[in-house]
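Hi everyone, thanks for making the time this morning. I'd like to walk you through one structure, so let me put it on the screen.

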Amino acid sequence: MSSCFPCSRSRRLDPGTHDPEFDDELSEIRINLFSYKELRKATNDFSPANKIGEGGFGSVFKGKLRNGPMAAIKVLSSESRQGVKEFLTEIQVISDIKHENLVKLYGCCAEGNHRILIYNYLENNSLAESLIGGSRKSIHFNWKTRVKICIGVAKGLAFLHEEVTPHIIHRDIKASNILLDEDLNPKISDFGLAKLIPSTVTHVSTRVAGTIGYLAPEYAIRGQLTRRADIYSFGVLLIEIVSGRCNTNRKLPVDEQFILERAWKLYEKNELVALVDTSLDGEFDPVEACRFLKIGLLCTQDSPKLRPTMSNVVQMLIGKKDADEITVTKPGLISDIMDLKNRSNPKPEQDIDLTTSSNYDSSGSNTLVNTSFTFAPSSQTTATFSQSSI
Ligand SMILES: Nc1ncnc2c1ncn2[C@@H]1O[C@H](COP(=O)(O)OP(=O)(O)OP(=O)(O)O)[C@@H](O)[C@H]1O
Ligand SMILES: [Mg+2]
């Protein structure tokens, strides 16, 4: 059974602890509030031993809350200094979203300068750690489990895209944002964090190394952000889960380094099955695996319009909609439009600013998107624009 908090302790803000100026508006907000003191206690003063990760938003600590359950406590970095009211308004939106494939935001702390999010703790870490990039540890992901993960993530994203109002574009679908509970059920994390970090914050470089291979070309190059950019990222993730490898692997022969390039070449030769993770030892359904890989290619089509919606993706994954009929063309490859080189002594390169001016879907629909960030190439991967191809 997955871990979850017992009964919700939603409570109104205590007007006595806040600026009276905001009291009227804040009294409408219902969310679990934690004091900084109790979070310090839960994490043993945010000790390094309790730190479970660090991402673009800040550090994440494991901690035992007052009423027993384990929590993942995300301390937002100093850039995310929103006012209490703005912060709580955003948090309210996220905490109201409930779906079995989305990580549950349990509460927050907005005391003084602290901005902290408290999530349900997921026992089996992220897909990045446990399946794709990491050491693979002790977990064996058999085919059935992979199918469950792919379909679960698709359902969670379809919910954000099509059922939540206003619709939410995640903006950062990737293996490290797919967490797994003790039964290996997938939960999408970090959705709806729009506006928690001001758009003026430019360098969030920790987000980049693991993000570039998931970026839809139109988003990477022109900052065009629609739900279709998330669908592209999902397509990359889907192929990663089936193949058990990271989207970019510099250790492989040159023509196999980029997963989408490899998938497309194999698809053209009708040999997609060769991409399926060899650690499955042949124990998988080849027709289903090839269907999943083909759906991954469909999701990553260069033209956003050719990518299916997430609800259609779910239907295709579960076999209720026929994916065979749909023609697949070459996917949009970021490696085609950016000059990605492995350099032994990289010099600081020009940053590529992916900051979008709006927090809303550029298609014009009433869709909330995740936070803005700037693409600052990491030391392992140097990315420069190839002017001729923009
Ligand atoms: N709810 C949670 N339960 C268990 N572990 C978590 C939880 N949330 C985060 N983590 C761990 O903390 C790590 C860091 O998470 P964080 O979201 O800060 O960074 P990230 O996902 O690597 O990058 P990004 O900032 O781009 O999302 C995750 O990879 C995961 O291992
Ligand atoms: Mg994350």
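Let me start with a question for you: by class, how many nonpolar, polar and charged residues does the shell around ligand 1 have? The split is nine nonpolar, nine polar and six charged. Before I go on, please keep in mind that this is a predicted model.

So, who is in that shell? Ligand 1 is surrounded by 24 residues, and the closest are Gly53, Gly55, Gly56, Ala72 and Ser176. If you look for elements that give two or more residues to this shell, you'll find strand E3, at 51-55, strand E5, at 70-76, and strand E7, at 116-120. E3 gives the most, with four residues. On the domain level, at least three residues of the shell come from domain 1 (20-120), and at least three come from domain 2 (127-385).

Now let's turn to the sheet those strands belong to. It is an open sheet of five strands, in the order E3-E4-E5-E7-E6, and the pairing is antiparallel. At the edges sit E3 and strand E6 (105-109), each of which pairs on one side only. From one strand to the next, the twist averages 25°.

For the pairs in detail, begin with E3. This strand runs antiparallel to strand E4, residues 58-64, and four bridges join them. Together E3 and E4 form a hairpin, with two residues between them. Gly53, which I named among the closest residues to ligand 1, stands opposite Val60 in E4.

Further along the sheet, E5 and E7 pair in the antiparallel sense, this time over five bridges. One residue you can pick out there is Ala71, whose bridge partner in E7 is Asn120.

Last stop: a helix. Why is helix H10, residues 310-317, largely enclosed by the rest of the structure? Because six of its eight residues are buried. Those buried residues of H10 are Met310, Asn312, Val313, Val314, Met316 and Leu317. And what do they pack against? Their neighbours are helix H5 (143-163), helix H7 (227-243) and helix H9 (286-299). After H10 comes Gly319, and its phi is positive, near 85°.

To recap the ligand side for those of you setting up calculations: E3 gives four residues to the shell around ligand 1, and E3 is also an edge strand of the sheet. Thanks for listening, and I'm happy to take questions!

Terms used
Residues numbered from 1 in each chain as written. Chains lettered and ligands numbered in written order. Predicted model: local features only at pLDDT ≥ 70, side-chain atom pairs only at ≥ 80, totals over all residues. Near = placed C-beta within 6 Å. Nonpolar A, V, L, I, M, F, W, Y, C, P; charged D, E, K, R; others polar. Domains from an automatic or database assignment. Buried ≥ 20, exposed ≤ 12 C-beta atoms within 10 Å, placed from the backbone. Contact = placed C-beta atoms within 7 Å. Pairing = 2+ DSSP bridges. Axes fitted to C-alpha atoms, helices over the stretch in contact; angles between N-to-C directions.
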